[in-house]
Amino acid sequence: MPRDAPSQHAPPSRALRILIVDDDRDAVVTLSALLQHDGHEVIEAYNGGGVLSLVRSRDPHAVLLDIGMPGATGFEVARELRLRLGRACPTLIAITAWTQPRAREMGRTAGFNHYLTKPYTDAELRAVLASLAPAAR
């Protein structure tokens with residue numbers, strides 16, 4: 001969950017469609033509110049089970065994906081998205097409390113483009129999303 005207090009910031013250069021996947025509903029609601037306030041369209045999911053079909057039907061620019069979910073972990077979901085979608089896979093951003101170097105390496109292997117550890121700041125998340133805007137589909 002972001003840990004910044006509300007601040008003045010520039011609006012995104014381009015609104016993105018972002019899928020948030022986390023089994024912690026409070027985290028999803030909080031993150032969704034921040035992203036919507038920034039002008040992004042948000043899609044919410046609470047487990048990894050239906051992510052592939054959501055990505056196919058809603059075509060997000062980015063997927064913010066928790067790692068430690070019951071059932072399908074974020075690593076498994078990322079691997080499946082990369083395998084099934086190939087180059088059409090959206091940008092994958094891990095948002096996790098798993099800070100160990102081994103977990104980061106597993107994230108790279110699974111196909112994550114970015115790896116943010118909780119607690120991350122609003123500014124860190126906004127910087128990652130801003131880097132996607134010029135290349136957004």
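At what angle do the axes of helix α2 and helix α3 cross, and within what distance do they come? The legends below begin with an overview and then take up this question among the close-up views.

**Figure 1. Overview of the protein chain in the predicted model.** The secondary structure of the chain consists of 5 helices and 5 strands. Read from the N terminus, the elements follow the order β-α-β-α-β-α-β-α-β-α. The chain has 137 residues, and 45% of them count as buried. Its accessible surface amounts to about 7,000 Å², and carbon and sulfur atoms account for 52% of that area. Among contacts between residues at least 6 apart in sequence, 68% join residues at least 24 apart.

**Figure 2. Close-up of the packing of helix α2 against helix α3.** Two packed helices are described by the angle between their axes and the distance between the axes. Helix α2 covers residues 51-58 and helix α3 covers residues 74-85; their axes come within 10 Å and cross at roughly 45°. The angle therefore makes α2 oblique to α3. The crossing of these two helices is right-handed. On the α2 side, the residues in contact are V51, L52, V55 and R56, and they meet V77, E80, L81, R84 and L85 of α3. By residue class, this contact has 6 nonpolar, no polar and 3 charged residues.

**Figure 3. Close-up of the packing of helix α3 against helix α4.** The axes of α3 and α4 lie 8 Å apart, and the angle between them is about 20°. Because angles under 35 degrees count as roughly parallel, α3 is described as roughly parallel to α4. From α3, residues F75, A78, R79 and R82 take part in the contact, where they meet A103, M106, G107 and A110 from α4. The contact comprises 5 nonpolar residues, 1 polar residue and 2 charged residues.

**Figure 4. Close-up of M106 in helix α4.** Helix α4 spans residues 101-110, and M106 is part of this helix. With a relative accessible area of 30%, M106 is partly exposed. Along the sequence, 31 residues separate M106 from F75, and the C-alpha atoms of the pair are 7.3 Å apart in space. Both residues also belong to the contact of α3 with α4, F75 on the α3 side and M106 on the α4 side.

**Figure 5. Close-up of the packing of helix α1 against helix α5.** Helix α1 consists of residues 25-37 and helix α5 of residues 122-132; they pack at an angle of about 60°, with a distance of 12 Å between their axes. This angle makes α1 oblique to α5. Where α1 passes α5, the crossing is right-handed. Three residues of α1, namely L31, L34 and L35, meet D122, L125, R126 and L129 of α5. The residues of this contact are 5 nonpolar, no polar and 2 charged.

**Figure 6. Close-up of T91 in strand β4.** Strand β4 comprises residues 91-96, and T91 is located in it. Is T91 buried or exposed? Residue T91 is buried, because its relative accessible area is 17% and buried means under 20%. Leaving aside residues up to four places away in sequence, T91 touches H61, A62, V63, N113, H114 and L132.

**Figure 7. Close-up of R14 and A130.** Residue R14 is placed in the segment before β1 (17-21). The relative accessible area of R14 is 35%, which means that R14 is partly exposed. In sequence, R14 and A130 are 116 residues apart, whereas in space their C-alpha atoms are 8.1 Å apart.

**Figure 8. Close-up of the backbone at D59 and at P119.** Most residues other than glycine have a negative phi, and most peptide bonds are trans. Although D59 is not a glycine, its phi is positive, at about 50°. This residue is found in the loop between α2 and β3 (62-65). With a relative accessible area of 37%, D59 is partly exposed. The peptide bond from K118 to P119 is cis, and its omega is near -5°. Residue P119 is found in the loop between β5 (114-117) and α5.

Technical notes. Residues are numbered from 1 along each chain as its sequence is written. This is a predicted model: local features need pLDDT of at least 70, side-chain atom pairs count only at pLDDT 80 or more; totals for chains, interfaces and linings use all residues. Side-chain values use heavy atoms; hydrogens and water are left out. Axes are lines fitted to C-alpha atoms, for helices over the stretch in contact, and angles run from 0 to 180 degrees between N-to-C directions. Helices (H or I, at least four residues) and strands (E, at least two) are DSSP runs, numbered from the N terminus. Angles under 35 degrees count as roughly parallel, over 145 as roughly antiparallel, 65 to 115 as roughly perpendicular and the rest as oblique. A crossing is left-handed if the near helix is turned anticlockwise from the far one by less than a right angle, and right-handed if clockwise. Contact means heavy atoms within 4.5 Å. Ala, Val, Leu, Ile, Met, Phe, Trp, Tyr, Cys and Pro count as nonpolar, Asp, Glu, Lys and Arg as charged, and the others, Gly among them, as polar. Buried means under 20% relative accessible area, exposed over 50%, partly exposed in between (1.4 Å probe, protein chains only). Accessible areas come from the Shrake-Rupley method with a 1.4 Å probe; for residues, only the protein chains shown count as cover.
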